[in-house]
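Take a look at the model below and let's walk through it together, from the outer surface down to a single strand and a couple of cysteines.

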Amino acid sequence: MNEIHANYASGNTLYLVVRDGEGNVWYPDGQVFESWGTSGRTAQEYCLDMADKSGSLYVGAFDDNICAGRYNLQIFLQGGVDPADSDSLIESREFVWSGTGRITSDKLLANKAVQDKSTGKIRYYDDDAQTVLLTLTPFEDSEALTRACS
């Protein structure tokens with residue numbers, strides 16, 4: 001879906017790597033997060049392609065096999081024929097994934113939110129008004145009100 005954009009001079013080769021909150025790297029073939037270099041793996045096994053759209057814009061798709069959560073994207077400039085551990089990091093950023101799309105604060109504020117009166121759950125929808133991006137469930141006891149995200 002090309003949720004990921006990077007600005008860099010056209011004519012190069014960029015790729016991205018996804019890391020979880022513990023710093024582990026996504027291994028697409030195994031569909032698992034692991035320590036970099038597990039079983040001798042290198043950048044070539046961890047990379048997700050980005051396409052040069054000209055005009056200094058590259059786009060890439062987040063792997064939809066990754067479950068919802070908060071991740072770190074690292075974008076590398078490929079120096080040789082194949083991705084290598086020695087490639088230069090050109091950008092890093094946080095990325096919040098719903099499991100079906102990127103979550104941004106403007107999406108949550110501008111799109112539909114519905115609260116179920118019986119359970120209290122608040123569902124925030126994507127701009128298609130059907131895909132749930134985030135569900136908040138408030139829990140209240142005598143001392144506090146807590147909101148759990150799912």
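About 8,800 Å² of this protein is exposed, and carbon and sulfur atoms supply 45% of that area. Keep in mind as you look around that this is a predicted model. Of the 150 residues, 34% count as buried.

On to the secondary structure: the protein has two helices and 13 strands. How do the contacts spread along the sequence? Take those between residues at least 6 apart in sequence, and 50% of them join residues at least 24 apart.

Now zoom in on one strand. β1 covers residues 4-7, and its two faces fare differently: Ile4 and Ala6 sit on the covered face, while His5 and Asn7 are on the uncovered one. That back-and-forth fits a simple rule, because in a regular strand the side chains alternate between the two faces of the sheet.

And what does β1 pair with? Its partner is β7, residues 57-60, and the two strands run in the antiparallel sense, with four bridges between them. If you want a landmark for that pairing, find Asn7 in β1: standing opposite it is Leu57 in β7.

Last stop, the cysteines. Is Cys47 buried or exposed? Its relative accessibility is 16%, so Cys47 counts as buried, the cut-off being under 20%. Cys67 comes out at 55%, and therefore counts as exposed, since that label starts at anything over 50%. As for disulfides, the count comes to zero, taking a disulfide as a pair of cysteine sulfur atoms within 2.5 Å.

Definitions and conventions:
Residues numbered from 1 in each chain as written. Predicted model: local features only at pLDDT ≥ 70, side-chain atom pairs only at ≥ 80, totals over all residues. Heavy atoms only, no water. Buried < 20%, exposed > 50% of the residue type's maximum accessible area, 1.4 Å probe, protein only. Pairing = 2+ DSSP bridges. Contact = heavy atoms within 4.5 Å. Areas by Shrake-Rupley, 256 points an atom, 1.4 Å probe, with all protein chains shown as cover.
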